[in-house]
Structure formats: structure tokens, C-alpha cells
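The following paragraphs lead the reader through a single protein chain, moving from one local site to the wider arrangement of its elements. Please keep the sequence and the model in view while reading.

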Amino acid sequence: MPPRPAEPDAMRRSPRRFRDRVRDLFTPLSRVTLRTRLVLSVVALVAVLGVVVGLVSALFLRSYLVGQLDRQLESVAQRGRLVAVQAIVQQGGITAQQLAGSVGRASGLPPATVVSVVTTSGEMVSFSLNDDPNATQHVFTDAENEKIATVPANGEPTDVGLGSALGDYRFVAVQLPGSAELLVGLPLSNVTATTTQLLTIILFVTLVVVVLAGALGTFIVVLALRPLARVAATATEVSRLPLDRGEVALAVRVPEKDTDQHTEVGRLGAAFNQMLGHVASALTARQASENKVRQFVADASHELRTPLASIRGYAELTRRAPEPLPDSASRSLSRIESEADRMTDLVEDLLLLARLDEGRELDHDPVDLSRLVIDVVSDAHAAGRGHTWNVDLPPEPVAVIGDEKRLHQVFANLLTNARVHTPEGTVVDTALRVDGERAVVTVTDNGPGIPDELQPVLFERFARGDPSRARHTGSTGLGLAIVQAVVRAQGGEVAVESEPGCTVFTVTLPIGESAAADAEESVIELTPEEMAALEGEQAPSVDPQQVDPQQ
């Protein structure tokens with residue numbers, strides 16, 4: 001069997017193009033609310049029905065009126081024929097003009113009747129009846145007579161348009177003795193006027209009904225969609241809940257009256273409540289698992305503090321022994337003490353995060369933020385001689401309500417973060433300013449920046465810019481997690497913006513009234529050593545504790 005020939009691309013694309021055009025045609029409607037679409041549909045349906053009913057009614061009425069006119073025309077034509085036959089018999093040789101006059105003077109002819117007589121010789125005479133004797137008699141033109149002459153002689157009524165002067169007529173032709181014809185016409189003006197009046201009335205009624213249908217439809221649709229609006233309000237309320245962390249009490253539900261299984265909206269509400277129940281169960285299970293992990297971390301960190309302190313104590317005791325130690329033993333003890341200190345710092349960080357996760361409140365005392373920034377920058381200058389450290393403070397001291405020790409740790413982590421993850425020669429600027437009721441501290445460096453893929457998870461635990469676990473280049477990734485946890489516990493926010501050549505960490509903290517009062521009374525006085533450190537002349541003493549930050 002030979003293979004079927006492939007269809008041309010144009011033939012295959014034609015149905016697709018048609019579907020695309022139809023979809024593009026209805027695209028604006030898809031952006032309209034369901035309420036508006038329902039109301040517009042009802043209004044359009046009523047309008048279409050009104051138009052259809054009007055047209056059908058007008059057609060039937062016109063057909064009925066034309067039927068009546070045809071019966072009247074048949075009666076008038078037969079009466080005119082009798083008068084014409086009598087005139088021919090009585091007078092013998094009679095002209096078309098005389099014959100038309102005899103028919104026109106017959107009794108019972110309606111006003112505006114047109115009478116035309118066509119003789120065997122082709123002579124045609126037409127005139128119209130007029131009730132007003134003073135009115136000017138209409139003179140038929142050859143063009144009008146030609147139109148009248150087109151009426152068939154089979155006795156069937158025919159419409160003839162006689163121009164703007166006379167309008168449309170309904171004509172019928174009857175045969176006279178001697179092959180002459182009598183054509184009688186009645187005006188269609190009454191039929192047209194009645195039909196037009198009916199259409200006008202129907203149009204007006206349709207417009208009124210459309211307006212009423214729009215108003216009533218809007219009321220009914222709004223009333224019918226009110227349960228759906230309540231379901232949407234419930235979904236919006238759920239979307240605003242902080243479901244990503246902490247104990248979640250997902251008690252929001254669709255009202256019971258909107259969960260009737262016999263209605264479409266009720267089934268939607270019931271399904272939504274069922275989904276919320278599943279989500280609440282999943283969140284509860286997640287929170288229980290997280291609580292177990294946090295409790296384990298807290299317990300393990302707490303239990304590790306004692307053996308780590310013992311290790312450091314025994315190492316120091318061994319070092320203080322009266323007998324001199326071999327060089328290898330001294331180096332081993334130094335490594336034991338260094339690793340014990342590092343492990344102690346890690347345990348303390350984990351314990352701090354666990355306590356913050358449990359919701360334990362930090363101290364809320366007035367903290368001189370200006371002094372704190374100076375201290376932290378001085379320590380960073382001492383630890384990072386290869387970097388350029390700048391500080392920008394407002395002329396008036398700035399104070400906040402918080403935990404001074406933890407806030408010191410926050411800014412120490414950020415500056416150590418900039419020192420560890422940027423090359424020597426990097427400029428690090430620390431600025432403090434007041435923005436309304438909040439204090440804003442920014443740490444900016446012109447280093448290589450933070451990779452784009454790392455920025456979304458930068459403040460998560462164990463996120464590391466350097467994937468290695470080297471002591472000097474890698475990190476555990478808890479530094480910035482502590483920064484975020486402490487700042488949020490203090491009622492503030494921390495954010496980062498980074499691109500090659502510019503990385504900015506922004507810490508925002510609320511300023512309490514008591515802190516502002518204490519700041520007005522305090523004056524920052526720097527020692528000569530601190531002034532020299534900030535100017536790059538002399539380094540102050542450095543806290544040996546190393547903070548494990550992350551960038």
C-alpha cells in the first residue's frame with residue numbers, strides 16, 4: 001500500500017490559525033470577572049430574545065396586514081371591473097381616459113387608490129383617488145406607468161414602488177373585454193406604519209427589559225456569588241498566615257453555610273475545608289518534627305558544653321605541668337585547644353539558634369548603637385589589616401532597645417563576613433543613620449559579590465559561599481543565620497543586595513522612646529587608641545573569639 005502523501009503545511013496550519021484567532025477574539029472576556037460575564041450574558045440573551053421576538057412579530061403582523069390588504073384589493077378590483085364592463089357595454093367605443101374615469105367614480109373605493117387602464121393599442125392611463133377636492137391631482141409619469149405595467153396579469157397581488165411621491169403600492173391586474181387590462185393599487189403606507197410602530201414599541205420595551213434584566217441580574221448574581229466571595233476571603237486570609245515557620249494554628253475554615261454539598265459553591269467550600277485540614281495536619285507534623293530536631297540540637301549543644309570545657313581544662317592543665325613538654329606534644333595541645341575553642345563556638349551558635357527558635361526573648365535594654373558600631377569596626381580593623389575600614393555615623397548618638405551582646409555579635413558577624421570572603425584591599429563601609437522610627441545600619445563592600453544562586457538561601461543555616469570546610473576559607477554557615485534570627489528577635493529586619501563590586505547588608509532596628517531619651521543624654525567619647533584604630537594608625541586589642549559568618 002503506497003504511503004499517504006503528506007499534507008501541506010498550510011493545510012495543517014489553517015485550523016490552528018483559526019483556533020488561535022477565535023481564542024484571541026475571546027481573550028479580553030477571560031480577563032473580566034465572573035460576575036460581569038454572567039450579567040453580560042443575561043443582558044445579551046435578553047437583548048437577542050427581544051430582537052428575535054420583535055422581528056418575528058413584525059413579520060407575522062406585516063404578513064397578516066398584507067393579507068387583509070390583498071382581500072380588500074381583490075374586492076376593489078372586482079368592483080372596478082364591474083364598473084368598467086358596464087361602461088364599455090353602455091358607451092360602446094370608450095377611451096382609456098373615459099374608462100379610467102368611470103372606474104374612479106365608482107363608489108366604495110378607498111382613498112389613495114390608484115386606477116390604471118391599459119387598452120389593446122397600448123395606451124395607458126393612470127390616476128389616483130383623493131378625498132380632498134382642492135388637492136392637486138397627481139400626474140403619473142412614464143416611469144411610474146412603466147412600473148405599474150410590470151404587474152402580471154395572472155391576478156396575483158404585486159408590490160410596486162412608485163417613488164417618494166406616492167410610496168409603495170399593492171397592485172392587482174384584472175382582464176377587461178377586448179383584451180384590455182384594469183390595474184388597481186392600494187397603498188402599503190398603513191401596513192408599513194403599523195409595522196414600524198410595532199417595531200418601535202418592541203424596541204423600547206426590549207431596552208427597558210434589558211436595563212431591568214441587567215439590574216436584577218446583577219443583584220441575583222451578586223447574591224448567588226456571595227458564598228464564593230466568602231470562600232475567596234477565606235483563601236486570602238490563609239495566604240496571609242505565616243505558614244513557613246513556627247507553630248501554625250490553621251483554624252481558618254469556610255463557614256458551614258457555604259459547604260452545602262448540593263450546590264457547586266458548597267462543594268467547593270467543602271473541598272477547600274478538606275484541603276485546609278490536610279494542610280493543617282501536614283504543618284502540625286512538620287512542626288512536631290522540627291521541634292524534635294530543635295530539642296535534640298539544644299540538648300546536644302547543652303550536653304557538649306561540659307565535655308568541651310573539660311577538654312580545654314585538661315589541655316591547659318597539661319600545658320602548665322612543671323615538666324617541659326616535647327615540641328610535638330605542645331603542637332598537639334595547641335591544636336586540641338584550638339579545635340575545642342572552635343567546637344565551643346559552634347555549640348554556642350547552635351544553642352543560641354535553638355533558644356531563639358523556641359521563642360525565648362532576648363534582653364531589652366537601651367543600647368548605644370553608635371558606640372557599638374565603633375567598637376565592632378575597631379575590632380574588624382584590628383583583625384583585617386589588609387582591608388580598608390570606614391565608618392559613617394550621624395552627629396547625634398543613636399540608641400535602640402535590645403540585647404547589646406547579641407547586637408554586637410550581629411555586626412561582628414557581618415564585618416567578619418566581609419573580611420573573610422573578600423580579598424585584601426577591599427573597602428568596607430559601615431554606616432549608621434536614622435530613618436523615622438528606625439535605625440538603619442549598612443555594611444557595604446566592593447568585593448566580588450555574592451553568587452546569584454546563593455542569595456535566596458544566604459540566611460539559611462549551613463549555607464556556605466565556599467563549599468569546602470577548611471578552617472580559614474570555609475565555614476559552617478551559621479553566621480548569617482544568627483544575624484537574621486537575632487535581628488528578627490529584636491523586631492528588626494535584615495536584607496542583602498549584591499552584584500559584582502557592591503554588596504550591601506542592611507540591618508533595620510526599631511528605636512524605642514526610652515532608647516531615644518537615653519541617646520539624647522549620652523555623648524560618645526573615643527579613647528586615643530580607638531581614634532588611632534579608626535584612622536589606621538594603631539590597632540586596638542582584638543577579641544580572640546572568632547565568629548563563623550557566611551556570605
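Glutamine 490 is located in the loop between helix 11 and strand 11; helices (H or I, at least four residues) and strands (E, at least two) are DSSP runs, numbered from the N terminus. With a relative accessibility of 6%, glutamine 490 counts as buried, where buried means under 20% relative accessible area, exposed over 50%, and partly exposed in between (1.4 Å probe, protein chains only). When residues up to four places away in sequence are not counted, glutamine 490 touches Leu362, Asp363, Ile401, Gly402, Asp403, Leu407, Leu509 and Pro510; contact means heavy atoms within 4.5 Å.

The model is predicted, and local features need pLDDT of at least 70, side-chain atom pairs count only at pLDDT 80 or more, while totals for chains, interfaces and linings use all residues. Residues are numbered from 1 along each chain as its sequence is written, and side-chain values use heavy atoms, with hydrogens and water left out.

Strand 11 (residues 493–499) pairs with strand 12 in the antiparallel sense over seven bridges; two strands pair if DSSP finds at least two bridges between them. Within this pairing, valine 496 has phenylalanine 505 of strand 12 as its bridge partner. The two strands form a hairpin with two residues between them, and glycine 501 in the turn has a positive phi of about 95°. Strand 12 (residues 502–510) is also joined to strand 10 (residues 438–445), by eight bridges, and these two strands run antiparallel. Here aspartate 445 is matched with threonine 503 of strand 12 as its bridge partner.

Phenylalanine 505 leads into the largest nonpolar core, which has 44 residues, and of these Leu369, Phe411 and Phe505 touch the most other members. A nonpolar core is a set of buried Ala, Val, Leu, Ile, Met, Phe, Trp, Tyr and Cys residues joined through side-chain atoms within 4.5 Å. The elements giving two or more residues to this core are helix 8 (327–357), helix 9 (369–383), helix 10 (404–420), strand 9 (427–435), strand 10, helix 11 (479–489), strand 11 and strand 12. At least three residues of the core come from each of domain 2 (243–360) and domain 3 (365–510); these domain bounds come from an automatic or database domain assignment. Leaving aside neighbours within four places in sequence, leucine 369 is in contact with Val398, Ala399, Val400, Phe411, Leu432, Ala439, Val441 and Leu509. Apart from this core lies another, of 28 residues, among them Leu73, Ala77, Leu99 and Leu186.

Leu99 is one of the buried residues of helix 3, the list being Ala96, Leu99, Ala100, Gly101, Ser102, Val103 and Gly104. Because seven of the nine residues of helix 3 (residues 96–104) are buried, the helix is largely enclosed by the rest of the structure. Serine 102 counts as buried at 12% relative accessibility. Its C-alpha atom is separated by 6.9 Å from that of valine 83, although the two residues are 19 residues apart along the chain.

Helix 3 lies across strand 1, strand 2 and strand 5, and runs at about 30° to strand 2; axes are lines fitted to C-alpha atoms, for helices over the stretch in contact, and angles run from 0 to 180 degrees between N-to-C directions. These strands belong to an open sheet of five strands in the order 2-1-5-4-3, with antiparallel pairing. Strand 2 (124–128) and strand 3 (158–161) are the edge strands, each pairing on one side only. On average, neighbouring strands of this sheet are turned by 25° against each other, direction ignored. Strand 1 (residues 114–118) and strand 5 (residues 181–187) pair antiparallel over five bridges, and valine 115 has valine 184 of strand 5 as its bridge partner.

From the UniProt record, an unreviewed entry, comes the feature "transmembrane region" at residues 38–61 and 198–225; UniProt positions are given in the numbering used here, feature names are shortened, and annotations may be inferred rather than shown by experiment. Residues 38–61 are 100% helix and 0% strand, with end C-alpha atoms 34 Å apart. Residues 198–225 are likewise 100% helix and 0% strand, and there the end C-alpha atoms are 38 Å apart.

Leucine 304 is found in helix 7 (residues 264–319) and counts as partly exposed at 35% relative accessibility. Not counting residues up to four places away in sequence, leucine 304 touches Met343 and Val347.

The protein as a whole has 13 helices and twelve strands, and 36% of its 551 residues count as buried.
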